[in-house]
Structure formats: C-alpha cells, structure tokens
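Biologist: Hi! Could you walk me through this one while I have it open on my screen?

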Amino acid sequence: MTDILKELQSLQPIDHDAGEIFSGKKSKRKVRGFASASSFTPDLNSEYLFHDSSRDAVVWFMDSSDPLYVFGPAGSGKTSLIKQLAAKLNYPVFDITGHGRLEFPDMVGHLTVEDSNMSFQYGPLALAMKFGGLFLLNEIDLLDPATAAGLNGILDSDPLCIAENGGEVIKPHPLFRFAATANTNGGTDETGLYQGTLRQNLAFMDRFWLCKIGYPKPKDERELLHRKAPKLPKEVRTKMVEFANEIRKLFMGEADGNYRDTIEVTFSTRTLIRWADLTVRFQPLARQGIQPVTYALDRALGYRASSETRTILHELAQRIFPQENKE
C-alpha cells in the first residue's frame with residue numbers, strides 16, 4: 001500500500017489541449033488532466049469506437065461541475081467510454097461495482113494489519129478524493145437507496161471524514177471526479193430486463209448530470225469490423241451488424257414482425273467483434289459442411305442464452321445469412 005500511495009502522490013496535474021486530446025486537432029480550449037499515466041490509469045485502446053453520445057462525457061471531463069450518471073442498455077459500452085476518456089487524460093480510475101450488500105465503508109476503506117501493525121487501507125473513493133482521479137461506481141442502480149444516499153455529501157463536494165483513521169478529513173482534490181454507470185435512469189426498470197435494480201432516492205439522483213448512451217451507429221460498427229476482421233467479405237460484415245441490431249431490438253422489446261417477446265441476451269460491440277473473429281477462425285469448418293457464421297455465433301453469444309432464445313438466434317441467422325445455411 002505504501003508504494004501505491006507514493007505513486008499517487010507523485011502525479012502531476014497539467015492542462016491538455018482539449019481538441020488535440022479528444023479529436024486530434026489542436027484548439028484553444030484546455031482540459032485538466034495528468035502529465036503521465038499511473039498503474040491505475042486504464043490502457044488506451046487506439047481502436048475504441050467513440051460514438052455520438054460520448055460528446056456529453058467529453059464535455060463533462062472538460063468542466064465537471066456535477067457528478068456524472070451514465071445509463072443505457074447492456075453492452076452499449078458505458079464503462080469503457082468513461083475509462084477510455086480517462087485514459088486520454090492519464091486519469092487514475094478507481095472503480096467498484098455496486099450490489100445490494102455494498103456499504104459505504106467498502107468504498108472508503110478499512111483497518112488492516114500490515115507488518116504486524118494496524119493501519120488504514122484506503123478504499124477507491126478515498127484514494128480518488130485524496131490524490132485526484134476518477135471514482136467510478138458501476139451498476140449504481142443495484143445499490144440499496146439508503147447506501148446511495150450516504151454519498152450525498154460527497155456528491156456535494158463536502159470533505160470525507162474517516163473516523164477509523166483517527167478522524168482524518170479528506171478535502172476533495174481539484175481533479176477528483178465522480179462518475180456512475182447504470183442500466184436504468186435511477187427511476188425504475190420499465191422493461192423488466194434488469195432484475196435487482198432499485199429505484200433510487202430522488203434527492204440523490206438530483207445531484208447528477210445524466211448522460212444516456214446508446215449502441216453505435218451501424219456505419220461505425222461496419223468500419224470497426226472492417227479494421228478488426230478484414231478477411232471477412234464486406235457483405236458478411238454488413239449482415240453481422242444488421243443481425244446484431246436486430247438482436248438488440250429484441251432485447252429491448254423494440255422488434256417488429258414475428259418476434260415480439262424480449263430475449264435475455266444482447267450484442268455488445270465487443271461480442272460483435274468476437275463473433276467476426278471466430279467466424280474467420282472457423283472458416284475451415286466450411287469444408288466439413290459446417291457453417292462458420294452460425295457455429296461462431298453460438299460460441300460468441302448463443303451458448304449464453306436459453307434454449308428458446310438460441311432457437312430465435314438461429315432462425316434469425318438463417319434469414320439474414322441464407323447463403324451460409326445452404327448445404
């Protein structure tokens with residue numbers, strides 16, 4: 001723990017050119033960040049797909065007067081969006097995943113025995129507030145509302161008092177940021193897809209800047225598949241994106257036609273890339289009469305679904321990839 005604290009103490013805040021950081025073109029606008037990455041800074045993914053809804057999070061990083069609440073459907077890239085923007089600014093990210101039994105001390109820290117001595121080990125929230133960085137609370141709508149409301153003072157920029165550490169008072173570092181992700185907007189789950197989510201306290205939610213994230217545009221995902229799986233024919237990549245968006249509609253209950261019921265799985269961009277990659281790898285199976293697209297589909301997504309949903313996946317694949325299912 002001592003080495004971690006020394007590393008965080010050495011971080012140097014600096015001003016970055018916002019245009020250069022976020023778009024690659026210099027501008028006159030500045031955004032605060034750190035001079036270099038730390039062991040808590042996410043790895044920057046040069047192929048990450050920033051879609052339109054990321055603009056809100058970019059503006060938030062440039063001038064974050066309020067904490068940020070990012071919500072959207074499963075697999076839309078909420079957490080990866082925040083982490084990739086943080087990586088561009090060399091922000092340390094201290095993240096934790098919410099659940100029904102998570103309590104405030106789990107975020108702040110606890111006493112522990114180190115080298116035969118009792119010492120306090122800072123939790124992710126305390127580290128972000130003390131040294132600067134992003135505290136990322138994923139799945140915040142799974143928290144007990146009473147526990148979430150205990151964060152109200154932090155959201156209002158109040159100091160953190162740690163009684164277990166001799167009453168230490170931590171004033172928020174100038175580069176302390178608080179972001180949360182969720183599948184719901186904190187009100188309620190109208191779809192019935194996200195079991196375990198809880199309606200959050202209205203006063204708690206009033207403290208957030210809300211940002212809704214959707215799935216990327218088809219043209220953006222087609223371009224991404226072109227970069228990630230260039231060996232696949234363009235027609236196949238295009239149909240894969242079409243298929244993924246049909247599954248997303250089914251997941252969100254927005255599908256037309258024969259499929260009116262929702263399904264329990266969806267296509268993230270990560271799953272789409274995995275499907276394309278596996279389809280390329282399993283191409284030799286075509287010589288054995290096995291269709292690589294549908295074979296890879298099971299291994300990318302289908303085996304995570306119920307038998308009924310898997311049947312729907314294959315029926316839809318037969319409709320969209322008819323040439324892949326001819327004997």
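Modeller: Happy to, and we can go through domains, cores, strands and a few single residues.

Modeller: Before we start, this is a predicted model, where local features need pLDDT of at least 70, side-chain atom pairs count only at pLDDT 80 or more, and totals for chains, interfaces and linings use all residues. Residues are numbered from 1 along each chain as its sequence is written, and side-chain values use heavy atoms, with hydrogens and water left out.

Biologist: Great. How is the protein chain divided into domains?

Modeller: Domain 1 covers 1–212 and domain 2 covers 218–320; the bounds come from an automatic or database domain assignment. Their centres, taken over C-alpha atoms, are separated by 33 Å.

Biologist: And how many residues of each are in contact across the two domains?

Modeller: Seven from domain 1 and 13 from domain 2, with contact meaning heavy atoms within 4.5 Å. About 830 Å² is buried between the domains, and carbon and sulfur atoms give 64% of that area. Buried area here is the accessible area (1.4 Å probe) that two parts lose on being put together, summed over both.

Biologist: What does UniProt place at residues 70–188?

Modeller: The unreviewed entry has the feature "domain: ATPase dynein-related AAA" there. UniProt positions are in the numbering used here, feature names are shortened, and annotations may be inferred rather than shown by experiment. Over residues 70–188 the chain is 28% helix and 32% strand, and the end C-alpha atoms lie 15 Å apart. Helices (H or I, at least four residues) and strands (E, at least two) are DSSP runs, numbered from the N terminus.

Biologist: OK, new topic. Which residues have the most contacts inside the largest nonpolar core?

Modeller: Leu125, Leu134, Phe135, Leu137, Ile140 and Phe178, in a core of 60 residues. Helix H6 (residues 124–131) gives the largest share of this core, six residues. There is also a second, separate core of 32 residues, which includes Ala255, Leu272, Val293 and Ala305. A nonpolar core is a set of buried Ala, Val, Leu, Ile, Met, Phe, Trp, Tyr and Cys residues joined through side-chain atoms within 4.5 Å. Buried means under 20% relative accessible area, exposed over 50%, and partly exposed in between (1.4 Å probe, protein chains only).

Biologist: Where is leucine 137 found?

Modeller: In strand S7 (residues 133–138). Leucine 137 counts as buried because its relative accessibility is 0%. Leaving aside neighbours within four places in sequence, its contacts include Ile96, Leu102, Met107, Leu151 and Phe178.

Biologist: Now strand S3. Which residues cover its two faces?

Modeller: S3 (residues 68–71) has Leu68 and Val70 on one side, Tyr69 and Phe71 on the other, and all of them are buried. S3 runs parallel to strand S10 (residues 176–182), joined by four bridges, and valine 70 has threonine 181 as its bridge partner in S10. S3 also pairs in the parallel sense with strand S11 (residues 209–212) over four bridges, where tyrosine 69 stands opposite leucine 210. Two strands pair if DSSP finds at least two bridges between them.

Biologist: Last one: is asparagine 90 buried or exposed?

Modeller: Buried, because its relative accessibility is 15%. Asparagine 90 lies in the loop between helix H4 (78–88) and strand S4 (93–97), and its phi is positive, near 60°. Most residues other than glycine have a negative phi. Serine 157 also has a positive phi, about 70°, but serine 157 counts as exposed because its relative accessibility is 54%.
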